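Please open the structure in your viewer and keep the selection tool at hand. The stops below say what to select and what is there.

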Amino acid sequence: MSHSESESKGHVRLIDLPVISDPRGDLTFLEGSRHVPFDIRRVYYLYNVPVDSERGGHAHRELEQVVFALSGSFRLKIDDGKTKSEYWLRDPKKGLYINKLIWREMDSFSQGAVCMVLASHPYDEADYYRDYDEFLKASKL
Ligand code: TYD
């Protein structure tokens, strides 16, 4: 699946944040509901990730997220239950919006990579699909 197909279905899309650059460095900012399409209720980040680590491997019933590579890079594999696509995140001002009911897996973390995630809800294990077949069934409803 091409990026444009998955993006046109509203499942995922890249979000470009503003950047204020001057000789002292770059500054990027974001405001909930303005730069991301939900009120931010939670932020978490992954770091000290071994380069051969695989993360994710789940989907969410309601949760929406935006994922950033604040430092370094990694691959995000996206699956809407029908088609698959992948994104390489490596630019701290570009985030990937991921809607609910999208299976995601992350790997190929570079040394020192930092992955920051903005989330639309507090942590709730009951919101996870951790079983791929269960997710597949739900994605077809
Ligand atoms: P998980 O979402 O499975 O991590 P990943 O998708 O990066 O592999 O979460 C890993 C563990 O951390 C799991 O036991 C739940 C816990 N956790 C929280 O307690 N709060 C959170 O906000 C998150 C994201 C995870």
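Select strands E4 and E5, which each supply at least two residues of the shell around the ligand. The model is predicted. E4 covers residues 42-46 and E5 covers 55-60.

Now show the whole shell: Arg42, Tyr44, Leu46, Arg55, Gly56, His58, Tyr123, Tyr128 and Arg130. By type, these residues divide into four nonpolar, two polar and three charged.

Next, look at individual contacts with the ligand. Start with the side chain of Arg42, where an N or O atom is 2.5 Å from an oxygen atom of the ligand. Then move to Tyr128, whose side chain has an N or O atom 2.6 Å from a ligand oxygen. At Gly56 the backbone takes part: one of its N or O atoms lies 3.0 Å from an oxygen atom of the ligand. How much of the ligand's accessible area does the protein cover? On its own the ligand has 530 Å² of accessible area, and the protein covers 64% of that.

Hide the ligand and turn to the largest pocket, which holds about 240 Å³ of space. Strands E4, E5, E6 (65-71), E10 (103-107) and E11 (114-119) each give two or more residues to the lining of this pocket. To find the centre, select Tyr44, Leu46, Arg55, Gly56 and His58, which lie nearest to it among the 16 lining residues. These five residues also appear in the list of residues around the ligand. Colour the lining by type, and it divides into nine nonpolar, three polar and four charged residues.

For the last stop, select Glu62 and Lys100. Their side chains meet in a salt bridge, with 3.3 Å from N to O. Why does this pair tie together separate parts of the sequence? Glu62 is in the loop between E5 and E6, and Lys100 is in the loop between E9 (94-98) and E10, so the bridge links parts that are 38 residues apart in sequence. A search of the whole structure finds eleven salt bridges.

How values were computed
Residues numbered from 1 in each chain as written. Predicted model: local features only at pLDDT ≥ 70, side-chain atom pairs only at ≥ 80, totals over all residues. Heavy atoms only, no water. 1 Å grid on protein atoms, 1.4 Å probe; cavity = no way out; pocket = protein on both sides within 12 Å on 5 of 7 lines; lining within 4 Å. Points joined across faces, edges and corners; volume = space filled by probe spheres on them. Helix = DSSP H or I, 4+ residues; strand = E, 2+ residues; numbered from the N terminus. Nonpolar A, V, L, I, M, F, W, Y, C, P; charged D, E, K, R; others polar. Near = heavy atom within 4 Å. Polar contact = N/O pair within 3.5 Å; in protein donor to acceptor, adjacent residues only side chain to side chain. Areas by Shrake-Rupley, 256 points an atom, 1.4 Å probe, with all protein chains shown as cover. Salt bridge = Lys/Arg side-chain N within 4 Å of Asp/Glu carboxyl O.
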